[in-house]
Amino acid sequence: MTVDIANTPGQYDRTLAEEFPILPPTQYDSTIVGVGTASSATSYSQQDLLDTFAISDPKIRSVFLNSAIRRRFLELPLPAPDGTPSSETQADLLGRHKKLAVDMGKRALQACLDDAGATISDIRHLCCVTSTGFLTPGLSALLIRELGIDRHCSRTDIVGMGCNAGLNALNVVSSWSVANPGELAVVLCTEACSAAYVLDSTMRTAVVNSLFGDGAAALAVVGRPAGDSAGTPDRPRILKFASCIIPDAVDAMRYDWDSVQNRFSFFLDPQIPYVVGAHAEIVADRLLANTGLRRSDIAHWLVHAGGKKVIDAVTVNLGLNRHEVRHTTGVLRDYGNVSSGSFIFSYERLLQEKVTAPGDYGVLMTMGPGSTIETALVQW
């Protein structure tokens, strides 16, 4: 619209008011409307991996076999002449990360859209999360090209935040959806953990190699008028987020450069389960503050499958029982720790049970480098 202000006295204000009326404020909620997951092609039992890596050290074997993990999906390099996986350079690992992250990401995203009854053309914001490799341009740009997503789609890439990053991303996308009601936004966590492996005989490496698996998971989110989704048993509203960083444990989970292997190596401090457990109650209470809710009012707990000791520590400190973390332990058993998307795998399993009811509250909890615990409160 073009308006000649000089020649239309008094008309400018009137025309703007007509074209852009001031509407009464409306409260919007962000609602999770779809979920999808994917993994790499091949799964291994822990015994398979011990045989593949030719591991004979009894202490390292014990770490693998007492991990509460039955199988994991991994993309391992072709075997060397001695039958063990061949050595890879950091460039090889980054190339594998790119290939796997895009492939798994495409499949998880499509499954999520199918669940939401949406299509690629509906996506208006894409937030991609990964910590198992670095890419520029980021995964969001690669997926927009690969899938033919509208090139005007807004996007965010979250890297380096580790296993807690899925909830960091959901916080970003939740805010975006409230600011853009009715538009579809997607969180996509795609982690090619096998592209971050170091093969040596140290206990540090054994802990990491015994735990992580490849996987991708996506959530679709839409901003709707408050109460619009009430009474929908499989479409929870996102109500609130709370986080807690533990500065004294900032180095407890980290990537280091291994100058011997010429690649990055991930480190997990043996004390991290107890550090996380000790702070889980603090952040959970902060999440529920001013809501009138107690922990006993939460019907569904979806905790990051960070490892057996992490799950045990959180369960004890929050006063939960094994049934309340059944999906967390189930995901760990069947997939291992798939990093930032683990809680989404648990969420998908909860929906498949069809046990949620209108009015139920749920808490999502992740933890990762920082050391940080992230939480979200949702209601069906």
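Is P270 buried or exposed? Hold that thought for a moment. First, a reminder: what you see here is a predicted model.

Back to P270. This residue sits in the loop that links β10, residues 263-268, to α8, residues 272-288. Its relative accessible area is 59%. The cut-off for exposed is over 50%, so P270 is exposed. Now find E374. Along the chain, P270 and E374 are 104 residues apart. In space, their C-alpha atoms are separated by 21 Å.

Next, the sheet. It is open and has 9 strands. Read across it and you get this order: β5-β4-β6-β7-β1-β8-β13-β12-β11. The pairing is mixed. Where are the edges? They are β5, at 154-159, and β11, at 300-303. Each of these pairs on one side only. On average, neighbouring strands in this sheet are turned by 25° against each other, ignoring direction.

Let's zoom in on one pair. Strand β1 covers residues 28-38, and strand β7 covers residues 215-225. The two run antiparallel, joined by 10 bridges. Want a spot to look at? Find S30, which stands opposite G223 in β7.

Now for helices that lie across strands. Take α6, residues 165-179. It lies across several strands, including β1, β4, β5 and β6. Against β6 it runs at about 170°. Then there is α11, residues 342-353. This helix lies across β1, β6, β7, β11 and β12. Its angle to β1 is about 95°.

On to helix against helix. Start with α4, residues 90-116, and α5, residues 139-147. Their axes are 10 Å apart, and they pack at an angle of about 60°. That is why α4 and α5 are oblique to each other. Their crossing is right-handed. Who touches whom? From α4 we have K98, A101, V102, G105, K106 and L109. They meet L139, L142, L143, E146 and L147 in α5. By class, this contact has 7 nonpolar, 1 polar and 3 charged residues.

Last pair: α10, residues 326-335, with α11. Here the axes come within 9 Å and cross at roughly 115°. This crossing, too, is right-handed. On the α10 side, look for R326, H327 and Y335, among others. On the α11 side, the partners include S342, F345 and E353. What is the class count for α10 with α11? The contact has 4 nonpolar, 5 polar and 5 charged residues.

That's my tour. Thanks for listening.

Methods. Residues are numbered from 1 along each chain as its sequence is written. This is a predicted model: local features need pLDDT of at least 70, side-chain atom pairs count only at pLDDT 80 or more; totals for chains, interfaces and linings use all residues. Side-chain values use heavy atoms; hydrogens and water are left out. Two strands pair if DSSP finds at least two bridges between them. Helices (H or I, at least four residues) and strands (E, at least two) are DSSP runs, numbered from the N terminus. Axes are lines fitted to C-alpha atoms, for helices over the stretch in contact, and angles run from 0 to 180 degrees between N-to-C directions. Contact means heavy atoms within 4.5 Å. Angles under 35 degrees count as roughly parallel, over 145 as roughly antiparallel, 65 to 115 as roughly perpendicular and the rest as oblique. A crossing is left-handed if the near helix is turned anticlockwise from the far one by less than a right angle, and right-handed if clockwise. Ala, Val, Leu, Ile, Met, Phe, Trp, Tyr, Cys and Pro count as nonpolar, Asp, Glu, Lys and Arg as charged, and the others, Gly among them, as polar. Buried means under 20% relative accessible area, exposed over 50%, partly exposed in between (1.4 Å probe, protein chains only).
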